[in-house]
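Me: I'm new to this one and would like to learn how to read it. Could you walk me through it, one feature at a time?

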Amino acid sequence: MIEVSAPSNIALIKYMGKQNSKSNLPTNASLSYTLEKLRTTVVLEEVSSSQDEWIPLSGEDFFKIELSEKGKEKFLSHLQRMKTNLQLSGFYRVASANNFPSDAGLASSASSFAALTLACYDMKRQKNPSINISMEKLAELSRQGSGSSCRSFFSPWSIWDQQGAREISLPIQNLHHFVLVYESRAKKVSSSEAHLRVLSSPFFAKDSSGLPRVERAEKRLEQLIHSFQERHWEKSFEICWDEFWDMHELFHTSEPSFSYLNEEVKIVLKRMKERWQKEKVGPLITLDAGPNIHCLFREEDTDLAKSWQQEFQPRGMA
Ligand code: DP6
């Protein structure tokens with residue numbers, strides 16, 4: 001029996017839009033911060049039956065994952081992909097769970113697929129200790145299951161571009177993270193569906209200044225790395241802010257259009273921006289494909305983080 005866990009990650013420059021939806025090749029490079037505290041655990045066990053199966057993992061420290069039929073299929077087909085790639089024979093029961101609730105505003109697909117990839121590798125190593133596969137290669141295999149999972153192999157910062165995912169060394173470390181969860185009554189559009197739909201937005205081809213989405217993201221990536229290197233925090237905030245709005249504008253203008261932003265989220269975002277402008281300090285703010293606001297504070301801004309959490313949280317988690 002193999003037990004491994006892997007962390008989630010939050011993208012500041014977003015992976016949105018695929019060149020190839022079968023293998024999850026992105027249209028642009030992305031950059032993420034690894035959320036070490038938010039993890040998926042996978043237990044992999046060989047079984048004598050003639051097919052693989054998935055079950056929720058139970059345990060005191062876990063919140064059960066709720067997987068739809070489609071979700072189960074996606075997860076088990078990644079297990080199959082790993083078995084084929086690693087030449088791993090036999091059938092397996094895969095049990096998984098998160099140490100955060102599934103309504104915590106975090107898509108658990110990054111941590112789930114990274115953990116499953118690592119579990120398969122450990123199983124293979126148990127059977128054949130001489131095997132040696134690099135983290136970069138494992139990340140590449142994991143990407144084929146779910147794109148954002150390839151960034152969870154590196155910490156604290158991960159970059160994913162044409163060459164694959166790898167660690168990037170930046171002078172900003174030990175960020176405090178929390179996510180504010182807002183309910184959305186709108187019908188959920190999965191991130192996989194969002195990746196397809198954004199391609200239909202006119203702003204994917206170009207924005208009002210003529211820049212295609214891919215170039216906007218790549219330009220921000222360069223600027224964000226530079227502003228982290230220069231420790232220019234306010235500039236970093238502005239880049240992240242523009243980036244998540246860019247992605248959400250693509251959602252709002254795609255065919256058919258969709259949105260994760262309800263009135264409450266829009267009002268909170270406006271108030272957050274006002275507080276930033278007034279105090280000239282605050283967190284990096286970003287939203288993924290959901291109505292949940294992620295805040296990332298510098299190591300030294302502990303008290304500020306507490307005060308923001310108190311001011312803005314409907315329900316929060318550290
Ligand atoms: C908005 O990795 O969930 O969170 O490759 O189809 O599994 P698939 O998509 P997924 O997309 C994540 C999109 C995002 C932005 C990001 O994490 O970069």
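Me: Let me start with a single residue: is Val43 buried or exposed?

Reply: Keep in mind that this is a predicted model. To judge burial, look at the relative accessible area: under 20% counts as buried. Val43 has a relative accessible area of 10%, so it is buried. You'll find Val43 in strand β4.

Me: Which residues is Val43 in contact with, leaving aside its neighbours within four places in sequence?

Reply: With that filter on, Val43 touches Met1, Ile2, Glu3, Leu57, Arg93, Val94 and Ala95. You can also set distance along the chain beside distance in space. Take Val43 and Ser134: they are 91 residues apart in sequence, and their C-alpha atoms are 22 Å apart.

Me: Let's try a loop. Where is Asp301, and is Asp301 buried or exposed?

Reply: Asp301 sits in the loop between β12 (292-297) and α9 (302-312). The cut-off for buried is again under 20%, and Asp301 has a relative accessible area of 11%, so this loop residue is buried. Setting aside neighbours within four places in sequence, the contacts of Asp301 are His176 and Val281.

Me: On to helices. How many Å should helix α1 span?

Reply: Count 1.5 Å a residue, using one less than the number of residues. Helix α1 covers residues 69-86, so its 18 residues should span 26 Å, and the end C-alpha atoms are indeed 26 Å apart.

Me: Which residues of α1 are buried?

Reply: Gly71, Phe75, His78, Leu79, Met82, Lys83 and Leu86. They cover an arc of only 140° around the axis, so they lie on the same side of α1. Turn to the other side of α1 and you meet the exposed Glu69, Lys70, Glu73 and Thr84.

Me: What do the buried residues of α1 pack against?

Reply: Quite a list: β4 (30-47), β5 (53-56), β7 (91-98), α2 (109-127) and α3 (135-145). That brings us back to β4, the strand that holds Val43. Look just past the helix too: Gln87 follows α1 and has a positive phi, near 50°.

Me: Can I practise on α8? How many Å should it span?

Reply: Go ahead with the rule you just used. Helix α8 runs over residues 263-279; its 17 residues should span 24 Å, and its end C-alpha atoms are 24 Å apart, so the two agree. The buried residues here are Val265, Val268, Leu269, Met272, Arg275 and Trp276. Their arc around the axis is only 125°, which puts them on the same side of α8. On the other side, Glu263, Lys270 and Lys278 are exposed.

Me: And what do the buried residues of α8 pack against?

Reply: They pack against β10 (176-181), α7 (233-252), β11 (284-287), β12 and α9. You've met β12 and α9 already, on either side of the loop with Asp301. Just after α8, Lys280 takes a positive phi of about 60°.

Me: Last one, the ligand. How many residues surround it, and which are the closest?

Reply: There are 18 residues around the ligand, and the closest are Tyr15, Lys18, Ser146, Ser148 and Ser192. Next, check the polar atoms. A polar side-chain atom of Tyr15 is 2.6 Å from a ligand oxygen. For Ser146, an N or O atom of the side chain is 2.6 Å from an oxygen atom of the ligand. Ser148 has a polar side-chain atom 2.7 Å from a ligand oxygen. Overall, the protein covers 96% of the 460 Å² of accessible area that the ligand has on its own.

Me: Which helix gives the largest share of the shell around the ligand?

Reply: Helix α4 (residues 191-197), with three residues.

Note on methods. Residues numbered from 1 in each chain as written. Predicted model: local features only at pLDDT ≥ 70, side-chain atom pairs only at ≥ 80, totals over all residues. Heavy atoms only, no water. Helix = DSSP H or I, 4+ residues; strand = E, 2+ residues; numbered from the N terminus. Buried < 20%, exposed > 50% of the residue type's maximum accessible area, 1.4 Å probe, protein only. Arc of directions from axis to C-beta. Contact = heavy atoms within 4.5 Å. Near = heavy atom within 4 Å. Polar contact = N/O pair within 3.5 Å; in protein donor to acceptor, adjacent residues only side chain to side chain. Areas by Shrake-Rupley, 256 points an atom, 1.4 Å probe, with all protein chains shown as cover.
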